[in-house]
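The following exercises practise the reading of a protein model. Please study the sequence and the structure before working through each solution.

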Amino acid sequence: MNAILQATIEFLRHYWAPLLCGVAIVAILPLAVGYIVLVERKLMADMQARLGPMRVGPHGLLQPIADALKLLIKEDIIPDNADKMIFWLAPVLSVGAGLLSIAGLAIGPAFQIAQDINIGILFVVGISAMGIFGIVLGGWASNSHYSLMGALRSSAQLVSYETAAGMALVSALLFTGTLNIKSIVEVQSNEGIWFVMLAPVAFFTYLVASIAETNRAPFDLPEAESELVAGYMTEFSGFRWSLYFLAEYTNMIVVASVATTLFLGGWLRPFAHVSWLNSLDFLPTLFMVVVAAYCVLRMPKQPTRVQQLFMLAVAGLCFVVALVLLVPVVVPIAHPFYAGIHGGFWFICKVSLYIYFFMWLRFTIPRYRFDQLMRLGWHFLIPLSIINVLLVGVALIAASYLNLHGWGLLLVTTPAAVITLIVALLILSAEKQRDVRHDPNAASDFYAG
Amino acid sequence: MLDKVLFYFFAAIAVASAALMVTRRNVVHGAIFLITALLATAGIFLQLRAEFLFIVQIILYVGGIMVLFVFVIMLVNLDVALQQIQFARKKWVALLVALALAAQVGLMFWSSGKMPGQGLPVLTAAAATSLPPNSETVAHSLFESYLLPFEIASVLLLVAMIGAVVMAKKRT
């Protein structure tokens, strides 16, 4: 007993800082996810010419908190024939995997829980893939056909698209030669170019595969409500259901962060090493000030006194953030904090853009059929990504012979990308011909199409 | 001290879940305990500062057990399986194999004290700071020292993969 206590104290003495960060993430992330959901609903409303949630708080700003309260006090139902233990475990597993994988991410150069682990990006990808167990186990334990169908679809989808995503990661990692997340961003900083320019095909492949992996529309077959009620979540209610929701959005954040780190330059400012563009450092401050000004402008239009005050409070918060962003640029003493604060801002900015793209796709493209999804994965994305890895490798060897660096790498990687695109077109036309030869009405049954 | 506590923690989980895995009647429960056993082993890898092995263990077995789950769900009729006899009743063969294994392990422990320099290899742990980068080390030994065996294994896997595709393909 004494030994265990001693070990705990020893542990805490070394690791209190990462532990605190971990607690902070667990506390803040559900709130962030709530607001991502609000943004998604607002966006959906905007694209469908509606207003979206408007009742709770000004412009529905307090809606996530109301939703969270509702979900917490909702009745929790466990089906009679369910496997109780697994039913209980499954959502926790999903959320746990998502939260754990965030530990490996570097949100700016200053904020990373698991500092400088050698396997960096593999850790994030591998642990977040564990979340699939939660989905499959939950679907199986519900003892319902809809749930099981959703779970099986989800597993098939993950297994097919994980390959394409992995290959896309490999072709970006060929440029870095390291898996360490900080080093990946530093390589992009040294080269002065983001990998999305050098490996555009890999970025595209990862984008599509990451949408499929997070079960988002247009690939949300596991929870297709017109076919499967709610897929693997059918029998879940209340807090358990919200845990699945939390897991889905956490996974979105994770894949967005991986894409940002590998392809979009991580926490780097756009054109980080072009000195005449250094005035871009004022852009974050300007952005926050504009948001604050908008809030003040809209304040008189709010119907009640409380809502007006709340709007003013939001404006004040934005203004404080603007000040925090401004100080390291202007005051020389605070300059050591510049990298941490602005890095965090740019990182969150890029992640938000990536997630915005997810939402945009969701409201634009109709859902795929299951056989179409499988065909896209196996017949198009996987061959494309394998060829891309080969060509990027060849381009890199050519670059080392020609001694190219930075933007000069484009000389060899652009032809590689063009060749990959030609191959992609060839694959597509071959698919078309196959379609003509085959009977298009023939029933196809991958798992449960 | 912390190292010891962590090791016994992971080792206890691994052993207990391995035992539970073979004794569960429900195949899905068995698969879950298989995951816990493998994850605990991954934890021990991490404790040995073999980060790369840790993550490879997790990534490979996530995919592998995923497929196992699907097979269990699709191929095994659980209601029937629960009624069936769980173990093959070949007591004498099992006893023989168990005795042979136990003798082997016992011999190793017994001989380790007797022969100087030839017993159990006890390696001294390197300091955490002096460790070479993990994934790079694995890559060097795979692609430099053991390139030929690695390629042979790859070709073997490729053959198995193509064989599976050919056998699964519809004959039209």
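**Exercise 1: Two domains of chain A**

The C-alpha centres of domain 1 of chain A and domain 2 of chain A are 24 Å apart. The model is predicted: local features need pLDDT of at least 70, side-chain atom pairs count only at pLDDT 80 or more, and totals for chains, interfaces and linings use all residues. Residues are numbered from 1 along each chain as its sequence is written, while chains are lettered from A and ligands numbered from 1 in the order in which they are written.

Task: state how many residues of domain 1 of chain A are in contact with domain 2 of chain A, and which helix gives the most to that side.

Solution.
1. Domain 1 covers 20-270 and domain 2 covers 275-362; such bounds come from an automatic or database domain assignment.
2. Two residues are in contact if their C-beta atoms, placed from the backbone, lie within 7 Å. By this rule, 27 residues of domain 1 of chain A meet 21 residues of domain 2 of chain A.
3. Helices H1 and H11 (238-263) of chain A each supply at least two residues of the domain 1 side. Helices (H or I, at least four residues) and strands (E, at least two) are DSSP runs, numbered from the N terminus.
4. H11(A) gives the most to this side, with six residues.
5. The domain 1 side divides into 19 nonpolar, five polar and three charged residues. Here Ala, Val, Leu, Ile, Met, Phe, Trp, Tyr, Cys and Pro count as nonpolar, Asp, Glu, Lys and Arg as charged, and the others, Gly among them, as polar.

**Exercise 2: One face of a helix**

Task: determine which residues of H12(A) are buried and how they are arranged about the axis of the helix.

Solution.
1. Helix H12 of chain A (residues 283-298) has 16 residues and reaches 23 Å from its first C-alpha to its last, close to the expected 22 Å. The expected span is 1.5 Å times one less than the number of residues.
2. A residue is buried if 20 or more other C-beta atoms lie within 10 Å of its own, exposed if 12 or fewer, and partly exposed in between, with C-beta atoms placed from the backbone. The buried residues of H12(A) are A:Pro284, A:Thr285, A:Met288, A:Ala292 and A:Cys295.
3. Viewed down the axis of H12(A), these buried residues fall within an arc of 100°, so they line one face of the helix. The arc is that of the directions from the helix axis to the C-beta atoms.
4. An α-helix has 3.6 residues a turn, so residues three or four places apart point the same way.
5. On the other side of H12(A), A:Leu286, A:Val290 and A:Leu297 are exposed.
6. The cover over the buried residues of H12(A) includes helix H13 (305-330) and helix H14 (338-364) of chain A.

**Exercise 3: Chain B and its partner**

Task: describe the elements of chain B and the contact between chain A and chain B.

Solution.
1. Chain B has seven helices and zero strands, and 10% of its 172 residues count as buried.
2. The contact takes 23 residues from chain A and 19 residues from chain B.
3. H1(A) gives the most to the side of chain A that touches chain B, with six residues.
4. By class, that side of chain A has 18 nonpolar, four polar and one charged residues.
5. A:Ala27 lies in helix H1 of chain A. A:Ala27 is exposed, because it has 9 other C-beta atoms within 10 Å.
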